[in-house]
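Reader: Please take a close look at how the interior of this model is packed, and then work outward to the elements around it. I would rather have one connected account than a list.

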Amino acid sequence: MESVLILGNGQAGIALAREIRKLDPRRPITLLGRDAYGFNRSEFVQALGPSQKTLSTEDLLALGEQLRIDMVPNCTAQSIRVADCSVQTDHGEYQADKLVLALGSSPMLPSFARDLPGLVAAVTHASVVNKLRARLASVKDLIIIGAGQSGCELANTLADAGKNVTVIEQHAGPLFELMPLDARRYLVEQLEERGVKFHFNARCASASKEGHRAQLALTNGKHVEGDLVIACIGVVPNTKLASDAGLKVRKGIMVDRKLATSAPDVYALGDCAEINGVWLPYSQAIHHEVSALARVLTGQNVQLNFPPMPLKLNIPCCPTVIAQPRPGLTGQWETLMVEHGLNASFISERGQLSGFVLMGEETAEAPFLQDEIPNWMNL
Ligand SMILES: Cc1cc2nc3c(=O)[nH]c(=O)nc-3n(C[C@H](O)[C@H](O)[C@H](O)COP(=O)(O)OP(=O)(O)OC[C@H]3O[C@@H](n4cnc5c(N)ncnc54)[C@H](O)[C@@H]3O)c2cc1C
């Protein structure tokens, strides 16, 4: 029976180990990775809010016993050899018949972070969230860089926690590539009502540290200062080990619909993978990838397909669901403002509903509209 070695013990790695074990009670599985415990990234924003929700963590060694797998936490891989599916780590070498890379992604930091030692954070790991929580108790003025999903979620959460929040965004509005103008305006209005301040079309021109505070000069001529800067400018897939090992990498580690990389018996999934040219760094996508790859690894002839996966944002002052139209599709947005929300439909040139943004009470429509839009994610 072929053994499986999974490298990376984040959401994708852990979920894959569980799923393989569900399908096959006896297959030898090793799961190794840098993390000491399991956690869920989608809880991070809430954990920083007024509810101070405790992050749920998972004891990996106990999970290993329960699943009867060889669990190796706190273990960092230094290199991969694809010829024999082996991984060289600070705990020695591990080898199996099949190797799965579940190496995730890392946060980007703005280039000015180096000018502000100790004053710039990015929220990506449970340990960072716990430290930030303690720090937030003693600070008042916060600057968030980036008005994408995490930036908007965090702005709402921290404003509700009584902080003065200023958001700096290089585009003309929040979630710029995902929403039409009316939806962006509506979201900004709701967040401004909570006290959030925005600077759009602005970047940081220079940064300095004055005592314990950050001072940013913006390209729009304004100055902002704060006790802490939180970077929400996105993540990049962790691909270095894979490219050093000779695997094909573009944005992510390139895999096909069986999650197979360019080397035999080596697979990749989660945030580190680019599947048939599509990079989807979302838990929702991982759920489907895990299901397909566990079947492939246990001998089934399966190909991955994604259903439509509208993105649900955790912005309590403005609940939002977005189904993005296929990139490059021509058409136009039609927006209906209602008393407590907004309903924007993207209508293609052929007259077909091809995407939507729902806000406020209109989010209740999402399950019905979801069935009407074409599934461009189908690979
Ligand atoms: C703040 C935040 C909020 C989010 N909210 C949502 C949401 O609401 N909905 C949604 O669908 N998605 C959300 N996401 C995205 C989702 O969390 C990710 O898609 C998912 O966690 C990726 O899982 P992964 O296992 O691929 O990567 P990761 O969770 O990054 O795991 C990668 C693992 O590999 C390990 N690793 C890396 N390099 C090495 C090495 N050299 N040696 C050993 N181990 C290594 C890491 O330690 C880590 O354990 C959010 C992400 C963030 C940051």
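Author: Two residues are said to be in contact here if their C-beta atoms, placed from the backbone, lie within 7 Å. The model is a predicted one, and with that in mind Ile230 is a convenient place to begin. Once its neighbours within four places in sequence are left aside, Ile230 is in contact with Ala121, Val123, Leu142, Ile144 and Leu154. Ile230 belongs to the largest nonpolar core, a set of 55 residues in which Ile144, Ala155 and Ile230 touch the most other members. Helix α5, which covers residues 149–160, gives the most to this core, with 5 residues. A second core, separate from that one, has 51 residues, and Leu7, Ile29, Leu31 and Ala285 are among them.

From the cores we can turn to a pair of helices. Helix α1 spans residues 11–23 and helix α8 spans residues 283–297, and their axes come within 9 Å while crossing at roughly 40 degrees. The two helices, α1 and α8, are therefore oblique to each other, and the crossing in which α1 passes α8 is right-handed. On the α1 side the contact is made by Gln11, Ala12, Ala15, Leu16, Glu19, Ile20 and Leu23. On the α8 side it is made by Ser283, Ile286, Glu289, Val290, Ser291, Leu293, Ala294, Arg295 and Leu297. In the loop between β22, residues 273–275, and α8 lies Asn276, which has a positive phi of about 45 degrees although it is not a glycine. With 11 C-beta neighbours inside 10 Å, Asn276 counts as exposed, because a residue is placed in that class if it has 12 or fewer such neighbours.

Cys85 makes a useful companion to Asn276. Its phi is near 50 degrees, again a positive value in a residue other than glycine, and Cys85 sits in the loop between β6 and β7. Cys85, however, has 23 C-beta neighbours inside 10 Å and so counts as buried. The strands on either side of that loop belong to an open antiparallel sheet of 3 strands, ordered β6-β7-β8. Its edge strands are β6 (77–81) and β8 (92–95), each of which pairs on one side only, and from one strand to the next the twist averages 20 degrees. Strand β7, residues 86–89, runs antiparallel to β8 and is joined to it by 4 bridges, with Val87 standing opposite Tyr94 of β8.

Another open sheet of 3 antiparallel strands has the order β15-β16-β17. Here β15 (204–210) and β17 (223–226) stand at the edges with a single partner strand each, so that one side of each is left without a neighbour in the sheet. The twist in this sheet averages 20 degrees from one strand to the next. Strand β16, residues 213–218, is connected to the antiparallel β17 by 4 bridges, and Val224 of β17 is the bridge partner of Leu216.

Further along the chain is Met254, in strand β20, residues 253–255. Met254 is buried, with 20 other C-beta atoms within 10 Å. Apart from its neighbours within four places in sequence, Met254 is in contact with Lys248, Val249, Thr261, Ser262 and Glu274. Thr239 lies 15 residues from Met254 along the chain, and the C-alpha atoms of the two are separated by 9.8 Å.

The account can end with strand β26, residues 341–348, which is largely enclosed by the rest of the structure because 6 of its 8 residues are buried. Strand β25, residues 331–338, runs antiparallel to β26 and is joined to it by 8 bridges, one pair being Gly331 and its bridge partner Ser348 in β26. The connection between β25 and β26 is a hairpin of 2 residues. Strand β27, residues 353–360, also pairs with β26 in the antiparallel sense, over 7 bridges, and Gly341 stands opposite Gly360 in β27. The hairpin formed by β26 and β27 has 4 residues between the strands, and in its turn Gly351 has a positive phi of about 85 degrees.

Note on methods: Residues numbered from 1 in each chain as written. Predicted model: local features only at pLDDT ≥ 70, side-chain atom pairs only at ≥ 80, totals over all residues. Pairing = 2+ DSSP bridges. Axes fitted to C-alpha atoms, helices over the stretch in contact; angles between N-to-C directions. Core = buried A, V, L, I, M, F, W, Y, C linked by C-beta atoms within 7 Å. Parallel < 35°, antiparallel > 145°, perpendicular 65-115°, else oblique. Left-handed = near helix turned anticlockwise from the far one by under 90°.
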